[in-house]
Amino acid sequence: MLIELEKARTRNNVVRIFREELDGPDSWTDGFVVDANEEMVLLQIVDDSVRLNGYQVLFLEDISDFAHPAPFNDFQKKVLALRDEKVVDPEVELLDLAVLLIDISEEFGLVTLHREEIEPDSCEIGRVIRADAVTYELEEIGSDARWFDDTFEYDLYDITRIEFGGAYEEALLLANDAMGDDAYELSDDYPDDGIADDE
């Protein structure tokens, strides 16, 4: 698989990736391969409106199948060229998962983390402020674009998908930046669904 992913990257083709166990047989991700190693692949996503919309990191062990090139590769590449949208390397390293989360948080401000085997219908969005070989600590932002007062700790290897640099993350940051003194919400305004920092 890694050899084919590298071919797709070299040829600048769109790939279609399936994760049947996590997403079901009728869901997939289309994107350009930016980087890949024996554990992870970094994609720049081509969304349903044929626009580049952020990045996604998937784990090779979760991939059930993929198509190279993707079924509508030529059309997608033509539309993106007409829109003058080009693949951009976010310059984050895939070598270490903990370091990757810190780098994304520092460079992009927000990271979206999915733990689909534990919480298949939800995700956490925020900035990772600490990570080690076992856990990471997340300062989360809510769907109202306000930061939670507390931080939460999660198991590092429960993560099944990482997203960053997309339109939704950008929207949350824009809204939060405009809030001024209201950028944080009180801790009793949301459920305690994580492990709060003791400090």
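Buried denotes a relative accessible area under 20%, exposed over 50%, and partly exposed in between (1.4 Å probe, protein chains only). The model is predicted, so local features need pLDDT of at least 70 and side-chain atom pairs count only at pLDDT 80 or more, whereas totals for chains, interfaces and linings use all residues. Residues are numbered from 1 along each chain as its sequence is written, and side-chain values use heavy atoms, with hydrogens and water left out.

**View 1. The two faces of helix α3 (residues 73–82).** Helices (H or I, at least four residues) and strands (E, at least two) are DSSP runs, numbered from the N terminus. In α3, the buried residues are N73, Q76, V79 and L80. They line one face of the helix because they fall within an arc of 140° when seen down the axis of α3; the arc is that of the directions from the helix axis to the C-beta atoms. Exposed residues D74, K78, A81 and L82 occupy the face turned away from the buried side. The buried residues pack against β1 (14–18), β2 (29–36), β3 (40–46) and β4 (52–59), with contact meaning heavy atoms within 4.5 Å. Just after α3, D84 adopts a positive phi of about 60°.

**View 2. Strand β6 (residues 111–114) and the surroundings of V111.** V111 has 0% relative accessibility and therefore counts as buried. V111 and L113 point one way from β6, T112 and H114 the other way, and all are buried. Beyond neighbours within four places in sequence, the contacts of V111 include I104, E124, V128, I162 and F164.

**View 3. Strand partners of β6.** Two strands pair if DSSP finds at least two bridges between them. β6 runs antiparallel to β7 (residues 123–131), to which four bridges join it, and T112 stands opposite I125 in β7. With β10 (residues 161–164), β6 pairs in the antiparallel sense over three bridges; here H114 stands opposite R161.

**View 4. Salt bridges.** A salt bridge is a side-chain nitrogen of Lys or Arg within 4 Å of a carboxyl oxygen of Asp or Glu, and by this rule the count comes to 14. The side chains of R51 and E85 meet at 3.2 Å, N to O. This pair links distant parts of the chain, 34 residues apart: R51 lies in the loop between β3 and β4, and E85 in the loop between α3 and α4 (97–108). E124 and R115 form a salt bridge whose closest N and O atoms are 3.0 Å apart; E124 is buried at 7% relative accessible area, as is R115 at 10%.
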